Structures are given as C-alpha cells and as structure tokens.
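Biologist: Please show me the model, and then we can go through its packing and its aromatic rings.

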Amino acid sequence: MYDCDKTLQYSPMLARYIHAAMRQATYELLEDGTFYGEIPPHKGVWSNADSLKACREALQDSLEEWIILGLRLEHGLPILDSVLW
C-alpha cells in the first residue's frame, strides 16, 4: 500500500507543491480579531486562528491533510506555478 504520510515528509516535489500553494494563500483579519486564511484553488482548505502565524500554520496543516486525502482517494491536485502532479 502507498504510504502518503511518508511521501509528504520526504518528497521534494510535494514540498515544492506545498510551498507553491502557500504562496497563493490569502488572509483576512475578521471583526472578532481572529485571522481567516484560505488557498482559493484548493476548495475546503481554510483556517481560522487568533494570530496570523497560527493561521498560517493551521492553513498548512489543513493543506497537507487535504493532499493526503486527495492522494488516498486518487484525486488530481491543481497545477501550481509549474509544479506538475
């Protein structure tokens, strides 16, 4: 069986993909003082946290989980900055 979790830790291609996706992230300061972040090409990848740093970290965690699930379900991933999947 294909070990997606191990691949995420060691694959330079996945590291480049995650980096490219995080460059497309957008953040917003909400009225309640928390930060909301999302990566538009990746539907369902979002985060909300008390600080921008925590929001970024949670957003990357969300993205990594989204990628793992997509790989397990054999879904394609959006092409980003010439990082081909």
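Modeller: A residue is called buried under 20% relative accessible area, exposed over 50%, and partly exposed in between. The model is a predicted one.

Biologist: Is Trp46 buried, exposed or partly exposed?
Modeller: The relative accessible area of Trp46 is 48%. Partly exposed covers values between 20% and 50%, so Trp46 is partly exposed.

Biologist: How are the rings of Tyr36 and Trp46 arranged?
Modeller: A search of the whole structure gives 1 aromatic pair. The ring centres of Tyr36 and Trp46 are 6.1 Å apart, with the planes at 25°. Planes under 30 degrees apart count as stacked, so this pair is stacked.

Biologist: Which strands does the pair tie together?
Modeller: The pair ties together parts that are 10 residues apart in sequence. Tyr36 belongs to residues 35-38 and Trp46 to residues 46-49, so the strands are S2 and S3.

Biologist: Which helix gives the largest share of the largest nonpolar core?
Modeller: That core has 15 residues, and Met22 is among those with the most contacts inside it. H2 and helix H3 (52-72) each supply at least two of its residues. The largest share, 6 residues, comes from H2.

Biologist: Which residue lies over the face of Tyr27?
Modeller: Met22, a buried residue of H2, is in contact with both Tyr27 and Arg56, leaving aside neighbours within four places in sequence. At 5.5 Å from the ring centre of Tyr27, the residue over its face is Arg56.

Technical notes:
Residues are numbered from 1 along each chain as its sequence is written. This is a predicted model: local features need pLDDT of at least 70, side-chain atom pairs count only at pLDDT 80 or more; totals for chains, interfaces and linings use all residues. Side-chain values use heavy atoms; hydrogens and water are left out. Buried means under 20% relative accessible area, exposed over 50%, partly exposed in between (1.4 Å probe, protein chains only). Helices (H or I, at least four residues) and strands (E, at least two) are DSSP runs, numbered from the N terminus. A nonpolar core is a set of buried Ala, Val, Leu, Ile, Met, Phe, Trp, Tyr and Cys residues joined through side-chain atoms within 4.5 Å. Contact means heavy atoms within 4.5 Å. Rings of Phe, Tyr and Trp (its six-membered ring) pair if their centres lie within 6.5 Å; planes under 30 degrees apart count as stacked, over 60 as edge-to-face and the rest as tilted. A charge sits over a ring if NZ of Lys or CZ of Arg is within 6 Å of the ring centre and within 35 degrees of the ring normal.
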